[in-house]
Amino acid sequence: MTSQTQTIRAFNRLVTERIGVLEDRYLARDRPLSLDRLLWEIGEAGIEVRELRSRLGLDSGYTSRQLRALEQEGLVAVSASEHDSRVRRATLTPAGLAELTVLDRLSDELVETILAPLTERQRDELVAAATTVRRMFTASAVTIAAVDPASDAARWAVDAYHRTLDERFDGGFRPERSIPAVDDTLRPPSGQFLLATLQDRPVGCVAVTKVDETAAAIRRLWVSPELRGLGVGRRLLDAAEQAATSLGASAVRLETNRSLTEAIGLYRAAGYDEVAPFNDEPYAHHWFVKPLPGGGTGAPPGGVGFIGLGIMGLPMARRLAHRGVRLTVWSRTPKADEELDSAGTRTAVDVTEVFARSDTVFVMLRDADAVDQVLRDVPGGLARLVAGRTIVNMGTLSPEYSKALADEVESAGGHYVEAPVSGSRVPAQDGNLVAMVAGRPDTVRRVAPLLDPMCAQITICGPVPSGITMKLAVNVFLIALVTGLAEAFHFADRHGLDPRLLREILDAGQMSSPISRVKTAKLVAGDLTAQAAISDVQMNSALIVDAAVSAGAAVPLSDLCRALYADAVRRGDGALDMVGVIRTIAVGR
C-alpha cells in the first residue's frame, strides 16, 4: 500500500492548498475554514450539538470552543432544546443566516475559478473524479463492530431491513412468518450482531448464529440504499464469516429470496455454493453454503492447477497465487518466476502432477493443437487425467472443438467450463480481464470465485460453447478497431502529419477507449512489444471466419483482417504486437 498511501497524501496536500484550507481567513472572511464549516453544518434548520460533533468527528471540548467563537461573533446561538432541556441545540442568528448566504456565494465563486480554465471535457472529468472520491471517502468512513442486538441502533437497522424486504418481496414481508432470530442467539458465545455505522448512523447490519457444532447461519444482511455499490455488503459478509470462525464454525450457510438479485450475486461471487433447502424459511428460494477453512480463499480443498504460463497465463497465475490460492503450475516452456515462488506456488514436473494435486485446473494454451498435446499425450490419456476434476479452458478455441472437449471431459467423469477472456498482458497483470463463462450452472458457480482475482467482470453466457462464441464476437470488433488504428497512423504518416497530434485527437474524442489509448501510445512510440501478438490475432481471425461460415454469417471485415494478418505472419512479424500490422499495411498487399 506504500505507493497508494503516497498518492493519497499528495492528493490531500494539493486539495487543501487549492481550496484555501491553509489560510487563516478562508474565502477572505475573518475566520478559518473550521468555523465556516460549522456554519454550513448548522444550516438554516439548526442542529443538536451532539449530532454536530458526531457528524464532523469532533470532541466535546473542541466543539464547545468553536461554538463559543461563533457566538461571540453574533452568528450562532446555543440553547436548550425545546423538546428536552438536557439537549443543547445550535441555531444561526439573523446575522449567521446572512453570513451563510455570503459563504455560499463565495464558495461557488471559488469552485468556478477551478473549473473556468478547464475544457468542457476536463470539467466533466473533474466532476466525475470528485464524485468517485466522495464515494470512496464515504466507504472508508464506514465502521463495522459487534453490538448488542437489543440496542436502539440494532433495532433500527433490523426495522430498516424488514422495510426493505417488504418493498422488494412479491406480496410483501411479515417478520412473524419468517424464522425468528432471538436476541440471545445473537450474543456470544452463540452468535454476534454486527452493525455498520457512518457518523454514528446505522447504515448496515448482519447477524451470525451457531446452528450446530460445525455450522453458523448468516441472517439479516442489510445495507442502506445510500451506501449500496460501495462494497459495504461484502465487508459485512466478510465480517460475518470471521465472526462465525471465532464462534468455532467451519462452515456458514444462508438463504435468500429470488427478488434480492444483488445479494444472490454477492454470495456467488464470495464463493457460496447453492445447495438443496436446509430449512423451511417461507420467503426463501435459494440456499447457500460456504466452507470456512483456509481463511475463505475460494480455493477447493485439493488445490488449483494452472497450465500455460505465456504472455497472459503468467500474470493470471500470479494474481491467483497472491490471493492465497494453493496453486500448482506447469508450462510447456519452463519458467522460473520469483513472484510465484514467493507466494508458495509449486511448479509441477509434468501435467500429471498438476492434476494429481488439483481439483480445478485452469488451461491457458494457445490453440487446439496445444491442448491436444498437453492433455492427451499423457499415460492413460485425457479420460484418466480429468476424471473427478474441473477443467477451466481460458484460451480461445473453435466453438466446435470446445463443445467436443466438454463432452469428452464429462463422459470421463469430469467437469468443463469455458472462460475465455478479453484483454491483453496489462489487464491480465492488473486483474482487469473480462471473462465470458459457459458451462453447467452448478459448475460455473463453483468456479466463479476463482476467476475473481483475475477478472474485473465475469459474464455468464450460457451452455458450452457460448463463452467461446461470445469471445469471437468480441474479437470481431477488437481486431477491426486496432487494425483501423494502424491504418489511420499509416495514412497520417504518408501525409506528413504528426502522429502525436493524431494520438491526442483520438484519445480526446468519443472513439477513445482503454484499448485504443494503449495502442495509440504504442504506435506513437514505435513500441511493437507484444501484448497481443500478430500470430495470435491471425489465428483468432481464422476462427472467426470459420465460425461465420458454419453459421452462414457475413464477416467481410474479419475476412480482410485474416488475410492481412496472415501476410504479416508470412513477413516474419508474427511475434510483434498486433499494431505491428502497420508494417504490412505500409508495404501493401
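Here are a few worked exercises on this predicted model.

**Exercise 1. Work out whether Ser140 is buried or exposed, and find what its side chain touches.**

Start with the location: Ser140 sits in helix α6, which covers residues 120-141. Next, check the accessibility. The relative accessible area of Ser140 is 59%, and the cut-off for exposed is over 50%, so Ser140 counts as exposed. Now look for a partner. A polar atom of the Ser140 side chain lies 2.9 Å from the backbone oxygen of Phe137. That falls within the 3.5 Å limit for a polar contact. As a last step, try a long-range check: Gly423 is 283 residues away from Ser140 in sequence, and their C-alpha atoms are 30 Å apart.

**Exercise 2. Find which residues make the nonpolar surface patch, and which helices supply them.**

Phe137 turns up again here: together with Phe11, Val15 and Met136, Phe137 makes a nonpolar patch of about 320 Å². Then sort by helix. Both α1 (2-18) and α6 contribute at least two residues each. Val15, for one, belongs to helix α1. With a relative accessible area of 30%, Val15 comes out as partly exposed.

**Exercise 3. Classify the ring pair Tyr267 and Tyr272, then say whether each residue is buried or exposed.**

First, the overall tally: the structure has seven aromatic pairs. In this one, the ring centres of Tyr267 and Tyr272 are 5.9 Å apart and the planes meet at 55 degrees. Stacked needs under 30 degrees and edge-to-face needs over 60, so the Tyr267 and Tyr272 pair is tilted. For burial, the cut-off is under 20%. Tyr267, at 6%, is buried, and Tyr272, at 0%, is buried too.

**Exercise 4. Do likewise for Phe306 and Phe362, and work out how far apart they are along the chain.**

The ring centres of Phe306 and Phe362 are 6.1 Å apart, with planes at 25 degrees, so this pair is stacked. Now trace the chain: Phe306 is in strand β11 (residues 304-307) and Phe362 in strand β14 (residues 360-363). They are 56 residues apart, so the pair links distant parts of the chain. On burial, Phe306 has 0% relative accessibility and counts as buried; Phe362 is also buried, at 0%.

**Exercise 5. Find which residues form one aromatic cluster, and which ring Arg163 lies over.**

The cluster consists of Phe169, Phe173 and Tyr283. As for Arg163, look at Trp156: Arg163 lies over its face, 5.8 Å from the ring centre. The distance limit for a charge over a ring is within 6 Å, and Arg163 meets it at 5.8 Å.

Conventions
Residues numbered from 1 in each chain as written. Predicted model: local features only at pLDDT ≥ 70, side-chain atom pairs only at ≥ 80, totals over all residues. Heavy atoms only, no water. Helix = DSSP H or I, 4+ residues; strand = E, 2+ residues; numbered from the N terminus. Buried < 20%, exposed > 50% of the residue type's maximum accessible area, 1.4 Å probe, protein only. Polar contact = N/O pair within 3.5 Å; in protein donor to acceptor, adjacent residues only side chain to side chain. Phe/Tyr/Trp six-rings, centres within 6.5 Å; stacked < 30°, edge-to-face > 60°. Lys NZ or Arg CZ within 6 Å of the ring centre and 35° of its normal. Patch = residues over 30% accessible without salt bridge, like charges linked within 9 Å, V, L, I, M, F, W, Y side chains within 5 Å. Areas by Shrake-Rupley, 256 points an atom, 1.4 Å probe, with all protein chains shown as cover. Salt bridge = Lys/Arg side-chain N within 4 Å of Asp/Glu carboxyl O.
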